[in-house]
Amino acid sequence: MLEGKNILVGITGGIAAYKICSLIRLYKKAGASVRVVATPNALKFVTKLTLQTISNNDVYVEQFDIDEYRPEHIALTDADIFVIAPTTANTIGKIANGICDNLLTTTACAFTKPTLIVPAMNNNMWNNKFVQENITKLENAGYKILHPSDGFLACGTNAIGRMKEPEEIFEATVKIFEQKIQKLSGKKILITTGGTKEKIDPVRYITNNSSGKMGIALANTAAKMGAEVTLISTFKVEGNFKNIVTETAREMENAVKNNLAPQDCIIMAAAVSDYRAASYSEQKIKKTDSDRISLELVKNPDILKEISALQSNKIIVGFCAESENLLENANAKIKNKGCDYIIANDISRSDIGFNSDENEVYIIDKNLNTKHIEKDTKQNIAVKILEKIFE
Ligand code: C5P
């Protein structure tokens with residue numbers, strides 16, 4: 001969960017500051033990159049050199065420490081999360097009241113992503129009316145507070161105020177990232193993927209080049225984002241979802257219809273064959289002396305069009321793979337199919353789309369508003385598609 005994340009660790013001047021070295025190590029072990037901003041008082045408890053060595057990065061203390069083109073406090077706000085541990089009553093009071101008198105408090109004021117505050121102080125300070133008012137104010141404003149425990153305090157008493165242990169701070173950080181991505185919890189999504197196979201005889205069939213990778217990326221991503229996913233595919237796929245394997249367009253149509261009722265959203269990423277052999281030959285078709293042979297094809301049901309015509313309040317999304325006039329064709333397709341969104345991609349490019357791990361798409365809505373999603377991995381494209389359609 002923390003792999004590749006940028007964590008900004010803020011340290012204020014409490015004795016528990018010495019424990020933050022262990023916290024930084026836990027973050028680093030989990031694959032996160034860590035930058036530290038400390039108040040001048042924090043460095044009375046733990047040295048800058050220790051923090052630099054453990055975080056493998058510079059440690060920022062003074063407003064003008066940062067050798068970057070942007071103002072210092074803004075440069076640090078690039079991080080995905082700001083974890084301030086320990087947070088003294090003094091710093092809690094400043095953040096809750098918009099005071100920016102050092103680099104840490106100024107950064108906290110400019111930080112727009114999640115901030116986790118981990119208080120540590122003497123029990124009388126923690127119980128102080130104004131400190132409690134400030135904590136409530138911060139909680140109401142969306143700051144995450146990891147409340148202190150009852151335990152042995154540096155002042156010699158056993159009481160409330162002891163900072164949560166590094167392992168608990170680590171777990172709280174992971175939980176924040178989990179909550180952040182669980183944007184689709186409670187949603188039910190049906191996704192189709194793969195290229196259908198239309199049998200001609202026991203050995204031959206009509207199919208297409210679809211690898212199914214985009215639909216699988218959508219299924220995995222939607223599941224990670226908390227959705228309950230049903231993936232109807234043309235081959236077996238393992239994952240955190242219900243998988244139904246179908247072969248032909250008509251089998252896929254049945255599976256979609258049988259699983260339609262509970263869904264909030266249907267994403268038809270499958271490349272469904274538009275035609276099938278008019279009749280299936282039970283025996284292998286033999287080669288004859290004739291130089292020509294013709295195969296009669298009949299139209300398959302258009303699953304996307306049929307489910308869009310039901311006018312349910314489900315979000316219905318189709319895909320449009322075109323080798324020319326991409327946007328023109330996609331605009332015509334959304335009108336023809338009657339779905340809510342069309343995801344258009346250009347299959348004339350060899351670097352994206354079919355069989356590739358990357359894609360570049362346009363998301364088009366019913367009013368033909370078009371959002372371009374730049375070339376990226378199919379996983380990242382999936383996140384952007386899901387975020388857009390559940391906006
Ligand atoms: O008509 P066309 O194949 O270009 O449309 C592509 C979209 O329609 C895709 O979302 C595909 O899954 C869906 N489709 C369908 N039934 C068909 C053909 C395509 O649902 N018979």
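## Ligand contacts

In this predicted model, a nitrogen atom of the ligand comes to 3.1 Å from a polar backbone atom of Ile303. The ligand's oxygen atoms find backbone partners too. One ligand oxygen is 2.6 Å from a polar backbone atom of Ala270, and a ligand oxygen also lies 2.8 Å from a backbone N or O atom of Phe319.

How much of the ligand does the protein bury? Taken alone, the ligand would expose 440 Å², and the protein buries 87% of that.

## Pocket and shell

Now for where the ligand sits: its home is the largest pocket. Three elements each give two or more residues to the shell around it, namely helix H11 (303–309), strand E17 (315–322) and helix H12 (326–337).

Count up the neighbours and you get 13 residues surrounding the ligand. The closest are Met268, Ala270, Pro301, Phe319 and Lys333, so to speak the inner circle. What classes of residue make up the shell around the ligand? There are 7 nonpolar residues, along with 4 charged and 2 polar ones.

## Domains

Stepping back to the whole protein chain, we have a division into domain 1, covering residues 6–181, and domain 2, covering 188–389. Measure from C-alpha centre to C-alpha centre and these two domains lie 47 Å apart.

## Backbone details

A couple of backbone spots are worth a look. Which peptide bond is cis? The one from Ala85 to Pro86, with omega near -10°. Pro86 itself is found in strand E4, which spans residues 81–87.

The other spot is Asn56, a residue other than glycine that nonetheless has a positive phi, near 60°. Look for Asn56 in the loop that runs between helix H2 (48–55) and strand E3 (59–60).

Conventions: Residues are numbered from 1 along each chain as its sequence is written. This is a predicted model: local features need pLDDT of at least 70, side-chain atom pairs count only at pLDDT 80 or more; totals for chains, interfaces and linings use all residues. Side-chain values use heavy atoms; hydrogens and water are left out. A residue is near a molecule or strand if one of its heavy atoms lies within 4 Å of it. A polar contact is a pair of N or O atoms within 3.5 Å; within protein, one must be able to donate a hydrogen and the other to accept it, and residues adjacent in sequence count only if both atoms are side-chain atoms. Accessible areas come from the Shrake-Rupley method with a 1.4 Å probe; for residues, only the protein chains shown count as cover. On a 1 Å grid over the protein atoms alone, a cavity is a set of points where a 1.4 Å probe fits but cannot get out, and a pocket is an open set with protein on both sides within 12 Å along at least five of seven lines; lining residues have an atom within 4 Å of a point. A molecule sits in a cavity or pocket if more than half of its atoms lie within 2 Å of its grid points. Helices (H or I, at least four residues) and strands (E, at least two) are DSSP runs, numbered from the N terminus. Ala, Val, Leu, Ile, Met, Phe, Trp, Tyr, Cys and Pro count as nonpolar, Asp, Glu, Lys and Arg as charged, and the others, Gly among them, as polar. Domain bounds come from an automatic or database domain assignment.
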